[in-house]
Amino acid sequence: MSTRTLISPAQLARPRGKRLYWVCFAVVVVLFTLAFLGPLYWMVSSGLKTTQEAVQTPPTWVPGSVHPDNYQRAWEVMDLAKLLLNTLYYAFGALAFQLVFDVAAAYSLSKLRPVLGKVILGLMLATLMIPATVLVVPQYLTALDMPIVQRNLLNSPWAIWLPSVTNAFNIFLLKRFFDSIPKELLDAASMDGAGPLRVLWSIVLPVSRPILGVVSIFAVVGVWKDFLWPMLVLPDPSKQTLAVGIYSLATSVPENVLIASLTIASLPTLILFLVFQRNIMSGLTAGGLKG
Amino acid sequence: MSRARFRRTRRAGAVTLASALTLTALAACGTSSSDDGDGDNGSGNSAKADPAAPLDPKTKVSITIDCMPPAAKAAELKQWNEDVKEFNKTYPNVTVKGRSTPGQCLEPPRFTAMLKAKSQPDVFYTYFTDLPQVLDNDGAQDITAYVNDKSVPLLKDIDPDVLGSLKKDGKLYGLPTSNYRMGLLINRKLFKEAGLDPDAPPKTWDDVRTAAKKIADLGDGVSGFGEYSAANTGGWHFTAQMYSLGGDVVDASGKKAAFNSDIGKQVAENIHAMRWDDDSMGKTQLLKWGDLQKQIATDKLGMFLAAPDDVTYMVQQLGAKYDNFGMGPIPGGENTLAGGNNYMIKQGISADKVKAAVAWLNFKFTTVGKGQYDWKRHKADDLPVGLPQPNLWLNGSKTKDDAARKEFATMPVENFKAFTDNPVPGKAEPPKAQEIYKVLDNVMSGILTNKDADIDKLLTTAESQVNQVLATQ
Amino acid sequence: MSAPTLTKDPAVKDRRPRRPRAGAPHLTDGGFGKSLRRNLTAHGFLIGAVICFAFFSWYPIVREFLLAFQKTEDGDVSWVGWDNFVTVWNDPAFGQAWRNTLWFTVLALLLGFVVPFVTALVINEFRHGQGYLRLLVYLPVMLPPTASVLLFKYLYDPGYGMFNEVLGVFGVPAQQWLQDPDTAMLSVVVASTWMNMGGATLIYLAALQGVPGELYEAAELDGAGLLRKVWHVTVPQTRLILLLMLLMQIIATMQVFIEPFLLTGGAGPEGSTTTVVYLIYQYAFNFNNYGAAAALGLLLLVLLAGFSAAYTRFNRDEQD
């Protein structure tokens, strides 16, 4: 890394500076490791303890005896497989809806520029200013009895998928990216007689891969992490998401089994993250932030 | 606009439907009286419309029902499946589709959402206190006509108090599955360790305080007495403590809070003293149903107010041993909070389904010697037998059931002797129970988490909130 | 990096729309029919998103206003004027909820805004292990929040929790954390910061890469120390991102629900973690009083709208 940062390289090059640098570095690395991996260690190890040991005062740092069967019990008792599948179903459904509707909308607003387009964009962006939890009551009542179509969306995946489309931040990100695609590129294609859909499919989308990646991550993680809305609109326990399911089950299993289930619930995204961390991090920093 | 119109048409539809039903019912009455003379022939049609008639074995019916035991309750699930099989011998035409809930069958916010969504199954599980809310949401059917001594042969032996909580304006809306009267659940092991007599649980709140102190003195993170203070269960137990001293939380008119009284203060001060002066209630608070069970199951808690069937839960799901528990009557002993669970039947499902549902509920939950009262099988499946409750019975059924409980007891019944020998009059939960409990949670959590809690202020604040809840009937 | 096209300076781009619009001239050169067709196509692309917004954002906003002045009893809706607001105002929890929300916002800004920025500054100085540190900080973001929150509840337990044990090593007396009205809110904010700081940290790190090194050199020539360099170079240079994040942080803070809901049951000891949002939830889903919930929501909405307006205004003044 050659960029010049806060502390001057000259200062660092001095012996005293060097020593100080390494001390600071060591302290920070140890501190961060404790702060961020410490709780995770505690989670994994407490999941291996006996029920007695898990609630013992003072707690033990290392399990006295190791009981991996807690994990198996958590998996079966809390029906984690089903909760996981449910969550995946909602998350990827929401992703599909967002990719289709939000990309189309952003493309239209950026390149096709219809009458009233600016107003619509403004109305969409305005929703960013309103905390979602404030609107939870009228949204919930809407899902109960959809106006015009008179449908009750409770307990159906639509109650997750459709509201996920109203993600103004994703539309905003997409539109800004599309704005940066040179007009000449599109004009050339139009000359060749390609319609807007064709242009979107074969020119815009291929060059937009990085931003699509970012938006996809936001979409999936958004559903994965949401709590209040799925708790309200999916009251049927067999349809719940992982986040809500674990909450409802928390009181009905011993503490060690509960902690084991937290570990299991954390694994899928953690693994996903560790495998794709390079893409996810660069996607986040490149897309979200500078554009 | 469209919404209002829609409601009106729906309501109009409901009225037509209702009148149509009344007409058919009347017609059915008319024909059935003549049937008596006619004998069997030609009564097929009228039998279908007559709620009192048994289910026609030729009609295929399937019913959905919630609160089937989850995989975690392996033994109970096995029994459920066996019972469905046996039920199908008599009713091969009925399919029982169970839905299981891994956690608690009923959590108030989820229950509310379910009623609003009208997504309850044909047969749905509720607490006794839920009836007003269910009726507000037009969620349950009047099943008075379907429940008689043919469809529920032991009807006359069911405790009328229990049935009373399922009735409104004389109409019956559900069938009970269990009932409870709260008592003082104790951990016998800790009692012995603290030098207390586990066969004589404390009878007054002063005794509770002394015993709690002794148990907490054992150290090692053990607390003597535990209380809830979150998720409505704090208010539920505050109410129970009020009742135990002869108090009430809502006055006779049902419109005003009644807990900001001397008894209310006494309850609050006693808890405060145990928590802060004696430090005998543990440091972890904001607990809800399930948390104290976890503590007592791991020998970290000496006693708490509970229903006897909590023991089943602790043995089955938390891996506790049942001979470690005992029970006494609620301290104070003036009244004890009585409640229970039941099934209701969804508004609008067909008469045949209702009949099938009543038949199944009767088979599983209100037949001595069968279903949940098959104590012999409970013993074989290693479930606790010998708990005093649930016990819906009176008269001959009670004698018969009690004898079976004793015969197949898997646990020392004498551990519950103090509870059964000293019955305390039951008192039903207040109107708008869950809302009031929510408010009273704050009183509990205030006392239990703040050494300098201003009890008068907590009670006054809660009083004004409860009055508001009661005002918006 | 795979996205070079994105790394444009936003400030430059904001000025660009002054150029002739791609859309406007088209309207004239194709005639009315062509323009109509073009518009229809464009709206066709928009329609899916617009319908979703209409149902789940715009209509609920309108409905929020209506609900606040209505009462629903047995399915009958009636207009009740300001009654719901009076109800909400007279609720003893009302004042407390606002004070708590304010307190939470202050704490969340102190921790949730400052900590990630300082973390980013520190990480950015290192020539080694940056990847590892970034990974650590971002790790909790990927956990399902229920898992993190329930884990923290376990760690906070005054008896068997890890935190008291760790503090004990340093001789700090055991704390009550979530159980004590004085520390409950702070504990909630700490948990929340741990869970969410990764995203902000990465954003700041990216922004820091864009600060020209010459500016630091110039500052050093003027004899600036470490803190003055941060204040006079780093902060102004990353101002845009900082302001944007501040806004997002405040809005996110107002929405916080799951952390107090799971850690302290929502209300918390003596109602010390009752936030406005929790109160809304309680009105609607515990007390079935949608009118009061909407009235309270509306008050929060007005406050935030005022705040957003002030922010936009301030932002514009700054740029002129």
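In this predicted model, the contact between chains A and B draws on 27 residues from chain A and 29 residues from chain B. On the chain A side, the elements giving two or more residues are α3 (51-54), α4 (69-77) and α14 (242-249) of chain A. By residue type, that side of chain A splits into 13 nonpolar, ten polar and four charged.

Now for the other partner of chain A. Here 88 residues of chain A meet 94 residues of chain C. The top contributor on the chain A side is α15(A), with 17 residues. Sorted by type, the chain A residues facing chain C come out as 61 nonpolar, 21 polar and six charged.

Here are the two contacts of chain A laid out together.

| Contact | Residues from chain A | Residues from the partner | Types on the chain A side |
|---|---|---|---|
| A with B | 27 residues | 29 residues (chain B) | 13 nonpolar, ten polar, four charged residues |
| A with C | 88 residues | 94 residues (chain C) | 61 nonpolar, 21 polar, six charged residues |

How far can you trust chain A? Its pLDDT averages 87, and 96% of the residues score at least 70. Which helix of chain A has the lowest mean pLDDT, and which the highest? Helix α15 (residues 255-290) of chain A sits at the bottom with a mean of 78, while helix α8 (residues 158-165) of chain A tops the list at 95. So keep two things side by side for α15(A): it gives the most residues to the side of chain A that touches chain C, and it has the lowest mean pLDDT among the elements of chain A. Over residues 287-291 of chain A, pLDDT stays under 50, and the model has 19 contacts beyond four places in sequence for that stretch.

On to the domains. Chain A is divided into domain 1 (9-72) and domain 2 (79-252), and the C-alpha centres of these two domains of chain A are 38 Å apart. For chain C, the assignment gives domain 1 (22-68) and domain 2 (86-319), with 36 Å between their C-alpha centres. How many residues are in contact across the two domains of chain C? Four residues of domain 1 of chain C touch seven residues of domain 2 of chain C. The domain 1 side of that contact in chain C has three nonpolar residues, no polar ones and one charged.

One last stop is helix α7 (residues 136-144) of chain A. Is this helix mostly covered or mostly exposed? Mostly covered: eight of its nine residues are buried. The buried residues in α7(A) are A:V136, A:V137, A:P138, A:Q139, A:Y140, A:L141, A:T142 and A:A143.

Key:
Residues are numbered from 1 along each chain as its sequence is written. Chains are lettered from A and ligands numbered from 1 in the order in which they are written. This is a predicted model: local features need pLDDT of at least 70, side-chain atom pairs count only at pLDDT 80 or more; totals for chains, interfaces and linings use all residues. Helices (H or I, at least four residues) and strands (E, at least two) are DSSP runs, numbered from the N terminus. Ala, Val, Leu, Ile, Met, Phe, Trp, Tyr, Cys and Pro count as nonpolar, Asp, Glu, Lys and Arg as charged, and the others, Gly among them, as polar. pLDDT is the predictor's confidence in each residue, from 0 to 100. Domain bounds come from an automatic or database domain assignment. A residue is buried if 20 or more other C-beta atoms lie within 10 Å of its own, exposed if 12 or fewer, and partly exposed in between; C-beta atoms are placed from the backbone.
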